[in-house]
Amino acid sequence: MRPELDLFYLFRYALVLICTVYAALQIASSLWGWHRYLTPSRRETAVLRQYVILQLLRLRVRRFIPDVIQIVLLLGVLGYLVRLHHYG
Amino acid sequence: MPDPPTTAPMADMPADELARYGTELGLEVSPQTPRGELLRVIRQHQELLLEIDRNALLDIVVWARRPVRESVSKEQLAREIATIHRMRFDGLSDSGLSVLAKLRGVPVDDGDRRRDIIKRLKQHEGIWNKLGRKSRGAVGKFIAQVIEGQRDDAGEYHFLPEDKPNQALREHIEEDGVVSGIARKLRGAADVYVHEKLDEIEARIDRKLDEIDQRLAEWRDREVSNRLRIIKITLVASVLVALLSLGYDYFIRRPVRMAAEPTPGVIAEPQPAQPSASTQTGSQ
């Protein structure tokens with residue numbers, strides 16, 4: 001007996017695969033570009049590198065706590081819905 | 001610190017520098033305030049400073065134990081007083097309290113009582129500033145007790161020592177002769193002027209660098225906020241698609257699947273037996 005082909009499932013699986021690979025490649029490309037830009041040991045680049053690190057250290061996380069809480073809640077809801085899909 | 005600008009240069013100052021000057025004097029202004037309004041507010045404050053008694057200003061800095069020279073100008077004292085946010089007025093003279101209230105924008109009449117002025121100052125502070133000040137005070141008290149422990153009284157207040165006075169022209173001429181003495185005096189005056197101007201230029205460059213720093217920090221915070229907003233929108237879309245998929249599964253696919261499966265617990269009706277070939281030939 002031939003197994004039933006679920007097009008909906010196939011579409012979801014392909015979408016997840018393509019989006020994950022694309023996002024991973026984009027992030028890796030961006031990080032590599034920043035690494036090539038900030039690595040040279042010229043004085044100007046060293047000053048810029050120190051300034052970028054300084055700006056990152058001055059970032060106040062407390063300002064973004066409401067957004068982070070909302071993201072965590074949404075992730076929880078999404079995880080519960082995925083669990084319902086698989087085991088419900 | 002450079003002398004305060006006169007009326008003519010102040011009219012030529014750019015809006016952000018006017019706003020900074022007004023903020024240093026303790027006024028609530030911003031670069032977005034219209035230029036005419038900025039000039040009006042600053043000139044009004046300068047007129048107020050002209051009317052105020054200098055000794056009252058000195059009383060305030062002595063009460064707040066701020067390091068100033070006794071000979072500084074009223075405007076320098078006003079700038080220092082603008083950084084004082086204390087709300088406990090014990091030890092401050094009545095004239096000092098009245099002047100402090102005027103400098104903080106609280107209307108005061110000559111016949112007002114001390115407790116009325118204090119009440120108006122506390123009302124002017126606002127609930128949020130008061131909460132922030134109380135919380136900072138509690139944290140400061142705790143940290144000071146941990147680090148410094150019990151501390152004795154700071155002692156009597158003293159003004160900062162005055163700058164060494166410039167040598168008089170007579171002394172220059174006594175030392176170097178008429179021409180050399182006058183040239184040395186002029187050179188000294190020119191050096192002082194150049195140093196003041198260089199200090200002013202350096203202060204303006206520092207302020208511009210601070211402004212650039214602040215704008216970059218705002219841009220950085222805005223970018224992080226935008227990235228977090230994009231993540232939230234993506235998650236909301238994912239949740240909606242998951243709900244849609246779950247609804248599809250529950251209301252369409254599952255009933256179809258359940259209709260195709262046999263219902264458990266129902267006994268099937270016995271089918272009539274089909275006659276076999278041997279019984280048929282036997283009966284014949």
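What percentage of the 284 residues in chain B is buried? In this predicted model, the buried residues of chain B come to 9% of its 284 residues, whereas in chain A, which has 88 residues, 0% count as buried.

The two chains can be followed through their secondary structure before turning to the core. Chain A contains three helices and zero strands, and a reading along its sequence gives the pattern α-α-α. Chain B likewise has zero strands, but its helices number 11, so that the pattern along its sequence reads α-α-α-α-α-α-α-α-α-α-α. As for how chain B is connected through space, when its contacts with a separation of 6 or more are considered, 46% of them are accounted for by residues 24 or more positions apart.

The largest nonpolar core has 17 residues, and those that touch the most other members are Leu57(B), Ile60(B), Ala78(B), Ile81(B), Val99(B) and Leu100(B). Among the elements that contribute to this core are three helices of chain B, namely helix H4 (54-64), helix H5 (74-82) and helix H6 (94-103), each of which supplies at least two of its residues.

A view from one of these core members helps to trace how the parts meet. If residues up to four places away in sequence are left out of the count, Ile60(B) touches Ile81(B) and Leu92(B), and its other partners are Gly96(B), Val99(B) and Leu100(B). Of these partners, Ile81(B), Val99(B) and Leu100(B) are themselves listed, together with Ile60(B), among the residues touching the most other members of the core.

How values were computed: Residues numbered from 1 in each chain as written. Chains lettered and ligands numbered in written order. Predicted model: local features only at pLDDT ≥ 70, side-chain atom pairs only at ≥ 80, totals over all residues. Core = buried A, V, L, I, M, F, W, Y, C linked by C-beta atoms within 7 Å. Buried ≥ 20, exposed ≤ 12 C-beta atoms within 10 Å, placed from the backbone. Helix = DSSP H or I, 4+ residues; strand = E, 2+ residues; numbered from the N terminus. Contact = placed C-beta atoms within 7 Å.
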